[in-house]
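Reader: Hi! I'm in my first year and still getting used to looking at structures. Could you pick one part of this one and walk me through it closely?

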Amino acid sequence: MADNEAEPLSAQDATHFAPAQFVRWFREVAPYVHNFRGKTFVVAFGGELVNDGALNNLIQDLSLLSALGVRLVLVHGSRPQVNEQLKLKGFATRFGRGMQPTDAPALECAKEAAGEIRLDIEAAFSQGLPNTPMSHAQIRVISGNFVTARPVGVVDGIDYQHTGTVRKLDTDALKAVLFQGAIVLLSPLGFSPTGEAFNLAMEDLATSVAIALRAEKLIFLTQNRTVLNPDGSVDTELAREDADALLAGGTLDEDTAAFLSHASRAVKRGVARAHLLPYTLDGSVLLEIFTHDGVGTMVVEDTLDDLRPATIDDVGAIVRLIDPLEADGTLVPRGRAVIERDVEQFTVLEHDGVIYGCVALIPYPEERMAEMACLIVHPEWQGEGEGEILLRHTESRARAMGARRLFVLTTRTSHWFMKRGFTQGGVSDLPKERQAHYNRSRNSLVFIKKL
C-alpha cells in the first residue's frame with residue numbers, strides 16, 4: 001500500500017464526511033440504484049461469517065439493498081457449526097472443503113446447525129428499533145422446500161450416503177416470492193420426492209440458484225478469498241477464460257479455487273456477474289456494488305469472439321477502421337507508418353477473420369496516467385456492447401500498467417464518455433509530454449476517469 005493511501009476503516013469507526021461529500025457520493029451511486037432495481041442478486045456465505053460476528057452488519061446492508069428494489073436470495077452454509085455439533089456429540093467426522101460422505105449422525109447435526117443459523121438470520125432481519133439502520137425495515141424472509149435434491153450415490157467405490165446435489169429448483173415459486181418483495185433464504189439442505197433430506201454444498205446450491213434465476217449477480221462472501229495481482233493488489237475483474245486459466249494453473253489455494261470455479265461456472269451458464277468478496281471488510285457488499293472498482297474479484301463472461309493484442313499483420317485492417325473517421329474529422333490523421341510503429345499499443349476485436357474493432361492505450365508512467373485512443377467499432381457491429389467491453393478491457397490494462405487515471409481526447413463523442421464515468425478536464429490536466437503535442441487547432445475536449 002502506498003504511503004499516501006489511508007488504511008481501510010470499519011464503517012462503524014469512520015468519521016462523518018462533510019455534507020457536500022455526502023451529496024456528491026449519493027449522486028454518484030444513483031446510476032447503480034437505477035440499474036439494479038428489480039434485478040436478482042444471490043448472496044452466499046458460509047458459517048464462518050456467522051462465527052466471526054459479521055452477520056448483523058451484513059443484514060443491515062442487505063436490508064438497504066432490498067429497500068432499493070434489489071431482489072435477494074440468501075444462501076447460507078453451516079460447515080463450522082456442523083463440525084462443532086459433531087465434536088460436542090463425540091463423533092469423529094469433520095467436514096472440510098470438497099465433497100464428503102454424510103452419515104446419519106452428521107445429517108442430524110447439519111439439520112440442527114441449519115435451523116439455528118436460519119433462526120439467527122430471520123431474527124436479524126426482524127430488527128426494527130428506532131435510530132438503527134433497520135428502523136422501519138419490515139422485511140419478510142421466506143424459506144421453504146424450493147430445492148429438490150438427489151443423492152450423490154456411490155462414486156469410485158465411496159458411498160456418499162446423505163450427501164446430495166441439486167436436482168431441480170422451483171423457480172416459479174422463487175420468482176413469485178421475490179416479486180412480492182420478500183427475501184428468499186435457503187439453507188444447504190434439499191429434499192427428495194420421497195421425503196429424504198440431503199446435505200448440500202452451499203457453493204453448489206448458490207450457483208445453481210443463480211443460474212436458474214438468471215441472476216444479475218452471484219456474490220460469495222468469503223473470509224478473504226479474492227484473486228490477487230502479482231503486486232498483491234486485488235484483481236478486481238477477471239474474464240471467465242482468464243479465471244479458468246488460473247484454475248488450470250493450480251497456483252490458487254484450495255478455498256479461493258473452489259469459490260472461483262463456482263463463479264466461473266455461473267458466468268458461463270448465464271449469470272451476468274459473479275463476485276468474490278471479503279466479509280472481513282465491513283460494508284464490502286455495498287462497496288462492491290456502488291463503487292466503480294469495487295473491493296473484490298468480479299468474474300465476467302467475455303462474450304466477444306476474440307479480443308487480442310494487435311500484430312503487424314493487423315495494420316491494414318486497423319487503417320481501414322480508422323480511415324472514415326479521419327476523413328470526417330472525428331480522429332486526427334495518423335498514417336499507416338505511425339500505426340505500424342505503435343501497433344503494440346492496439347487491441348483488436350476479430351470474428352471469423354474479420355477485425356471489426358480496435359482501441360489503443362498509450363502509457364505515461366511518470367504521471368501514472370494513460371491515454372485511450374482510436375476506440376472504434378465498425379458501424380455494422382455497433383449496438384451490442386462491444387464498445388463497453390473495449391473500454392473495460394482498456395481500463396484493466398491501464399490499471400495493470402500502474403495508471404491511476406485514464407484520459408481521452410474527443411471532438412464528437414463526449415456524451416458517450418461522460419455516461420461511462422469520465423469527467424471533463426483541461427489541457428493542463430494532461431501529462432506534460434501530451435500537453436506539448438496537443439493540437440490546439442482541433443480544440444479537442446479532455447475527459448478523465450479515475451481508475
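Author: Here is a close look at one helix, followed by some salt bridges and a few other spots in the chain. Keep in mind that this is a predicted model.

Let's set the scene first. The chain has 15 helices and 21 strands, and its C-alpha atoms fill a box of roughly 80 × 55 × 45 Å along the principal axes. Of the 451 residues, 45% are buried. If you take the contacts between residues at least 6 apart in sequence, 70% of them join residues at least 24 apart.

Now zoom in on helix H11, which covers residues 315–327. H11 has 13 residues, and going from its first C-alpha to its last takes you 18 Å, close to the 18 Å expected at 1.5 Å a residue. Still, H11 has a bend of about 30° at leucine 321, with proline 324 following within four residues. Quite a few H11 residues are buried: Val315, Gly316, Ala317, Ile318, Val319, Leu321, Ile322 and Glu326. So what do the buried residues of H11 pack against? They pack against helix H12 (336–341) and three strands, namely S16 (346–351), S17 (354–364) and S18 (369–377). After H11 comes glycine 329, which has a positive phi, near 90°.

H12 makes a handy stepping stone, since H12 runs over residues 336–341. Arginine 341 and aspartate 342 meet through their side chains in a salt bridge, 3.0 Å from N to O. The two partners sit in contrasting surroundings: aspartate 342 counts as buried because its relative accessibility is 16%, under the 20% cut-off, whereas arginine 341 is exposed at 57%, over the 50% cut-off.

That pair is part of a wider story, as a search of the whole structure finds 22 salt bridges. As a rule, side chains of opposite charge can pair when their charged atoms come close. Another example joins glutamate 122 to arginine 118, with the closest N and O atoms 3.1 Å apart. Both of these residues lie in helix H5 (residues 104–125), four residues apart, which is about one turn of the helix. Arginine 118 is partly exposed, at a relative accessible area of 30%.

A salt bridge can also link separate parts of the chain here, as with aspartate 253 and arginine 225 at 3.5 Å, N to O. Aspartate 253 is in the loop between helix H8 (240–249) and H9, and arginine 225 is in the loop between strands S11 (217–222) and S12 (237–239), so this pair ties together parts that are 28 residues apart in sequence. Aspartate 253 is partly exposed at 35% relative accessibility, and arginine 225 is partly exposed too, at 25%. Both also belong to a network of salt bridges that links Arg79, Arg97, Glu203, Arg225, Asp253 and Asp255.

Glu203 from that network turns up again around histidine 262, a residue of helix H9 (residues 254–268). Leaving aside neighbours within four places in sequence, histidine 262 is in contact with Glu203, Asp204, Thr207 and Phe220. Histidine 262 counts as buried, with a relative accessibility of 18%.

Finally, hop over to the surface. Phe22, Val23, Trp25 and Phe26 make a nonpolar surface patch of about 410 Å². Phenylalanine 22 belongs to helix H1 (residues 19–36) and is partly exposed, at 48% relative accessibility. For the chain overall, the accessible surface comes to about 23000 Å², with 51% of it belonging to carbon and sulfur atoms.

Terms used: Residues are numbered from 1 along each chain as its sequence is written. Side-chain values use heavy atoms; hydrogens and water are left out. Helices (H or I, at least four residues) and strands (E, at least two) are DSSP runs, numbered from the N terminus. The expected span of a helix is 1.5 Å times one less than its number of residues. The bend at a residue is the angle between axes fitted to the seven residues ending there and the seven starting there. Buried means under 20% relative accessible area, exposed over 50%, partly exposed in between (1.4 Å probe, protein chains only). Contact means heavy atoms within 4.5 Å. Patches are made of residues with over 30% relative accessible area and no salt bridge: like charges are joined within 9 Å, nonpolar side chains (Val, Leu, Ile, Met, Phe, Trp, Tyr) within 5 Å. Accessible areas come from the Shrake-Rupley method with a 1.4 Å probe; for residues, only the protein chains shown count as cover. A salt bridge is a side-chain nitrogen of Lys or Arg within 4 Å of a carboxyl oxygen of Asp or Glu.
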